[in-house]
Amino acid sequence: MNAGFEKQIANLGWDVKVENPLDDTSFEDKKTDDKDQYGVKNAAIVSECCQKIYNAVNNSVASGRLPITIGGDHSIGTATVAGTMAARPDTCVLWIDAHADINTPQTTESGNLHGCPMSFVMGLDKDSYPPEFSWVPQCLKPNKIAYIGLRDVDDGEKRILRENNIPAFSMYHIDKYGIGKVVEMALDKINPDRSAPIHLSYDVDAIDPSFVPATGTRVEGGLTLREGLFVAEAVAETGLLSSMDIVETNPLLGQTDAHILDTVSAACAIGRCALGQTLL
């Protein structure tokens, strides 16, 4: 909000209300780099964060508002997708990311929960979940999520995508068909009659790090900034956006002030485009 995002979307005609569900929490002294017996790290604090965000998102959608959740890492996707779908079960998900974030505790090599959020809401390998995530509803079906921008996918995730027939469009598909066609194909898979609400979960690392350098898991060969903004514009054009995440903008990782400014500006632009800003 320090970058003026609240004012920017208010200028587009939106009635803006800011909530901070993680106020009065402190998790830094509880973080660890050690995996637990389930093969993941920091399950208790990630789960607690997600529960607070889940409640805030669910209340917002249920009251007829359009929540935009500003992350943090993409582990919050567990909360935002589940919270949205609890209020609107017919919601479909567009996941814009260099990574699939669909590892299970059994398939993750790193143990980082930001690589697992979709497995929890889909109920994949649910017997392997740490008990802290027993509260998460398994509400998302494989035909209700599509990926755009993938280019760094673990072997276990590739297997999960294939076995569950999940629509996934990598940078290869974008190079081959163009971003406009890919967005159309993704929506055809998960929202063929264009009647279901859309949850847009947008990791800024989907965009090439030459445009957004201040992010956590940079992978070369991503979307151009214009391609990245087009995705948000295309979703806005449907009139179906019901909730949104913008994650992985981390000013602490910018090596220069220009890196920080470029990344934060791109994240704000993604939000504005999703909320209806047009070029003309």
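Q: What makes the contact between the side chains of E28 and K31 a salt bridge?
A: A salt bridge needs a side-chain nitrogen of Lys or Arg within 4 Å of a carboxyl oxygen of Asp or Glu. The side chains of E28 and K31 meet at 3.5 Å, N to O, so the pair fits that rule. This is a predicted model, in which local features need pLDDT of at least 70 and side-chain atom pairs count only at pLDDT 80 or more, while totals for chains, interfaces and linings use all residues. Side-chain values use heavy atoms, leaving out hydrogens and water, and residues are numbered from 1 along each chain as its sequence is written.

Q: Why is E28 called exposed?
A: Exposed means over 50% relative accessible area, buried means under 20%, and partly exposed lies in between (1.4 Å probe, protein chains only). E28 has 62%, so it counts as exposed.

Q: Why does K31 count as partly exposed?
A: The relative accessibility of K31 is 48%, so partly exposed is the right label.

Q: How do you know that R159 and E163 form a salt bridge?
A: Their side chains come to 3.1 Å, N to O. Both residues lie in helix α5 (residues 155–163), four residues apart, about one turn of the helix; a helix here is a DSSP run of H or I with at least four residues, numbered from the N terminus.

Q: What makes E163 exposed?
A: Its relative accessible area is 58%, so E163 is exposed. R159, at 32%, counts as partly exposed.

Q: How many salt bridges does this rule give?
A: The count comes to six, including the one between R194 and D188 at 3.0 Å, N to O.

Notes: Helix = DSSP H or I, 4+ residues; strand = E, 2+ residues; numbered from the N terminus.
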